[in-house]
Amino acid sequence: SCNSLMVSFGSFSLLEKLNLDISCCHEIRGTGLGYLGQGLLGLQGLKSLALNLDSCSNVTQEGIDYLTACLPNLVFHLESFHLSLNDTELGEQGLNFVSYRLRQLYFLKTLSLQFSQPEKMTDLQMGFLGQSIKNLTLLQSLTLKFNDCLNITDDGVRSLCDGFAGSYALRKLDISFTDCICVSDAGLCYLASTIASVELNDLTIRVLGSSDITSEGVRYLRSQVQNLACLESLILEFSALNEDGTGTEDIDVETGNTEFGGFTNLKSLELKIACPNLIGGFLYPNGEMGCLPSLKRLVIELDGTLHQESEFNLIKSCVKKLRELEALSISFKNATSINDEWLKELALSLRAIRGLKQLSLKIENCKELTQNGMIYITDSIRRFKSLQQLSIYLSRLSIPNEALYVFAKGIKEMKPLEVINLGITYCNNIS
């Protein structure tokens, strides 16, 4: 079958974009990948190539060498390359082959790599990868995702960061470490310091499943990221955050005072951080409230982290002062302390955002909420004159039918609405 594909490639000598997904094809071996590589050799005008080899259990270093041997022949036109190697049997030498081939793609502008190699992806391979990225001087967009790479340590993160430190072309960086349990604050700090040396417009960082990442590490990241003058989009996600004992002392809830500055051009901000105090630090970076003049889109997701009213007030005050927002998404999950009065305060804060066009509220498993909380939210929502899209997701709440009646009556008055997304799951009192 791979031989047939190779023959078919020869009919498309003018092809500019190819997405090839052969994931979970367990019978594909080195010979088959060799055929595919030969077919790619004829696509001299190819500008974009995406290869997905996820869960191809018989992909070995020999096969990946055959497949990637075509890359140097595509060097003069290839601008975008995506390679996904999750859950393969690729050894250390195979990963080195990938890095070696990459460094020859001198004109590459977009690179996306995904690895899930629990034992084979080590600091040494991270070093090789960093060296290859350093050779791609025209690279504008870089996506790197590492899943279950148990042998990557802070030294590996540092070696990788050396590859794009000081890059003059890089504008977009998306980097994820999921269940890479040996990555700690030290690795995060290396990454943060490197980011400060690059003029990024778009930044995404996800560190999930590492118990050695603390709020102190995230604070250092914040101090470095805030000075990126050109930054327009920021996504940060940290789960299983190891709280270091510090609280809201670096944020004054009433005045928003902090020791930080920056974020003057930020237009889109997504924060999924298991610490409300840290979220406040990103929203109050300039020492006064409402200091994100360009912010149009805000996403806040909190999972079981609201324990005190002061923490909730921090989020409420953030929302209230960002009056130029056009899109807002707030998610409360497993926040057992949140009650109707807290939701009432949030609803009052929402009224300050006059030009809101998109609103999403997700409330899941918040045991203290009743129908009164829904009434407060509905009363604020119906006042929006420019709202075009409304999304409400309720799950595992003890609210009666009357709450939905109030909600339905409220949204009937909202004539500009174009899209309504309503999700109600596991609410046993709804009939």
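This passage walks through the helix packing and a few individual residues of one predicted model.

Because the model is predicted, local features are taken only where pLDDT is at least 70 and side-chain atom pairs only at pLDDT 80 or more, while totals for chains, interfaces and linings use all residues. Residues are numbered from 1 along each chain as its sequence is written, and side-chain values use heavy atoms, with hydrogens and water left out.

To start with the whole chain, there are 13 helices and 14 strands. Both are DSSP runs numbered from the N terminus, with helices being H or I runs of at least four residues and strands E runs of at least two. The chain has 431 residues, and 53% of them are buried. Here buried means under 20% relative accessible area, exposed means over 50%, and partly exposed is in between, using a 1.4 Å probe and protein chains only. Contacts (heavy atoms within 4.5 Å) often reach far along the sequence: among those between residues at least 6 apart, 87% join residues at least 24 apart.

Next come the helix pairs. Two packed helices are described by the angle between their axes and the distance between the axes. The axes are lines fitted to C-alpha atoms, for helices over the stretch in contact, and the angles run from 0 to 180 degrees between N-to-C directions. Helix H2 (residues 30-41) and H3 have axes that come within 7 Å and cross at roughly 10°. That makes H2 roughly parallel to H3, a label for angles under 35 degrees (over 145 is roughly antiparallel, 65 to 115 roughly perpendicular and the rest oblique). On the H2 side the contact is made by Gly 30, Leu 33, Gly 34, Leu 36, Gly 37 and Leu 40, and on the H3 side by Gly 63, Ile 64, Tyr 66 and Leu 67. Sorted by class, these residues are six nonpolar, four polar and no charged. In this scheme Ala, Val, Leu, Ile, Met, Phe, Trp, Tyr, Cys and Pro count as nonpolar, Asp, Glu, Lys and Arg as charged, and the others, Gly among them, as polar.

H3 (residues 61-68) also packs with helix H4 (residues 92-102), at an angle of about 15° and with the axes 8 Å apart. That makes H3 roughly parallel to H4 as well. The crossing of H3 and H4 is right-handed, meaning that the near helix is turned clockwise from the far one by less than a right angle (anticlockwise would be left-handed). From H3, Gln 61, Ile 64, Asp 65 and Thr 68 meet Gln 93, Gly 94, Phe 97, Val 98 and Arg 101 of H4. This contact has three nonpolar, four polar and two charged residues. H4 has several buried residues, among them Gly 94, Leu 95, Val 98 and Arg 101. The buried residues of H4 pack against H3, strand S3 (80-86), S4 and helix H5 (123-134).

Further along, the axes of helix H6 (residues 154-161) and helix H7 (residues 185-195) come within 8 Å and cross at roughly 10°. H6 is therefore roughly parallel to H7. Asp 154, Val 157, Arg 158 and Cys 161 of H6 meet Ala 186, Gly 187, Tyr 190, Leu 191 and Thr 194 of H7. By class, five residues of this contact are nonpolar, two polar and two charged. Buried residues of H7 include Asp 185, Leu 188, Leu 191 and Ile 195. Their cover includes H6, strand S6 (172-178), strand S7 (202-208), helix H8 (215-225) and strand S8 (233-238).

A few single residues are worth a look too. Ser 112 sits in strand S4 (residues 110-116) and is buried, at 13% relative accessible area. The side chain of Ser 112 makes a polar contact with that of His 82 (2.8 Å). Such a contact is a pair of N or O atoms within 3.5 Å; within protein, one must be able to donate a hydrogen and the other to accept it, and residues adjacent in sequence count only if both atoms are side-chain atoms. Ala 327, in strand S11 (residues 327-333), is buried with a relative accessibility of 13%. Ala 327 and Gln 358 are 31 residues apart in sequence, yet 4.5 Å apart in space, C-alpha to C-alpha.

Finally, two loop residues have positive phi without being glycine. Ser 55, at about 60°, lies in the loop between strand S2 (48-52) and H3. Asp 148, with phi near 55°, lies in the loop between strand S5 (141-147) and H6, and is partly exposed at 32% relative accessible area.
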